[in-house]
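Welcome! Here are a few short exercises to work through with the structure open beside you. Try each task yourself before you read its solution.

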Amino acid sequence: MFDPTIYDNLKVVLEGALYDLDLAGQIAVTGRSDRLDLATMSRSFHMECSLREDGAASAGITLQAELADLAAEILERPEEGGKPGCYCFITFRTPVNEPQREAPEIADLIRETWGGRPQLKMTVSYSPDEADPDFMLLTSMHFGRKLDEGQAEDIQSLVDHVVLTLQTLDGRLKLEQG
């Protein structure tokens, strides 16, 4: 019989938390992918969401488990692959007009919401062929450590922080436009 891995268990908890909020009308789940990379034998699960009220900002949450983590857990040999678990990455996409001015403000808002814990990386993209290009700021966050089943109860808090961040980013956008 199949024994679910840490990755499988956390994936179910994350998926359930996001779909519960979607069902309650608090967010809209806009994308979902569940991949097995046969070249590296790694797995990744990704879900995207935004606020229902025509939110301009969107978020993505990714769980990723490498071969070493899966093998160490399945073979019950954690010493060979380190402590088994999976990584969690969160991204926020936010439209911006003036990236150099707005990116530090957005970084401060995200750090305030998340307590300064996650590591941030920001990337600006735009289409150079447009006369008046729309800029998109991608903020990537990661926590620098693996998650395991001991953090399963923290997934709901993580999802709540994602929703709070989306509300903050959309509120900021409304102020910028108003």
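**Exercise 1. Pairing in the middle of the sheet**

In which sense do β3 and β4 pair, and over how many bridges?

*Solution.* Keep in mind that you are looking at a predicted model. Step one: follow the two strands and compare their directions; β3 and β4 pair in the antiparallel sense. Step two: count the bridges, and you should arrive at seven. Step three: pick out one place along this pair, where Ile61 stands opposite Ile90 in β4. As background, strands of a sheet pair through backbone hydrogen bonds, and this can happen in a parallel or an antiparallel way.

**Exercise 2. The whole sheet**

Work out the strand order of the sheet, and find its edge strands.

*Solution.* Start from the pair you already know and move outwards.
- On one side, β3 is joined to β2 (residues 42–51) by eight bridges, again antiparallel. Here Glu48 stands opposite Gly60 in β3.
- On the other side, β4 pairs with β6 over eight bridges, also antiparallel. Thr94 has Leu137 in β6 as its bridge partner.
- Put together, the six strands form an open sheet in the order β1-β2-β3-β4-β6-β5.
- The edge strands, each pairing on one side only, are β1 (27–37) and β5 (119–125).
- Neighbouring strands of the sheet are turned against each other by 15 degrees on average, direction ignored.

Now add a helix: α1 (residues 6–23) packs on this sheet and touches β1, β2 and β3. The direction of α1 makes about 15 degrees with that of β2.

**Exercise 3. Two faces of one strand**

Which side chains of β4 (residues 87–96) point to the buried face?

*Solution.* Walk along the strand one residue at a time and you will see the side chains alternate. Cys88, Ile90, Phe92, Thr94 and Val96 share one face and are buried. Tyr87, Phe89, Thr91, Arg93 and Pro95 point to the other face and are not buried.

**Exercise 4. A residue in a loop**

Is Asp148 buried or exposed? Describe its surroundings too.

*Solution.* First, locate Asp148 in the loop between β6 (135–142) and α5 (154–177). Next, check its relative accessibility: Asp148 counts as buried because its value of 14% is under the 20% cut-off. Then look at its side chain, which makes a polar contact with the side chain of Lys83 at 3.0 Å. A polar atom of that Asp148 side chain also lies 2.8 Å from the backbone nitrogen of Gly150. Finally, leaving aside neighbours within four places in sequence, Asp148 is in contact with Ile6, Leu10, Lys83 and Pro84.

Terms used:
Residues numbered from 1 in each chain as written. Predicted model: local features only at pLDDT ≥ 70, side-chain atom pairs only at ≥ 80, totals over all residues. Heavy atoms only, no water. Pairing = 2+ DSSP bridges. Helix = DSSP H or I, 4+ residues; strand = E, 2+ residues; numbered from the N terminus. Axes fitted to C-alpha atoms, helices over the stretch in contact; angles between N-to-C directions. Contact = heavy atoms within 4.5 Å. Buried < 20%, exposed > 50% of the residue type's maximum accessible area, 1.4 Å probe, protein only. Polar contact = N/O pair within 3.5 Å; in protein donor to acceptor, adjacent residues only side chain to side chain.
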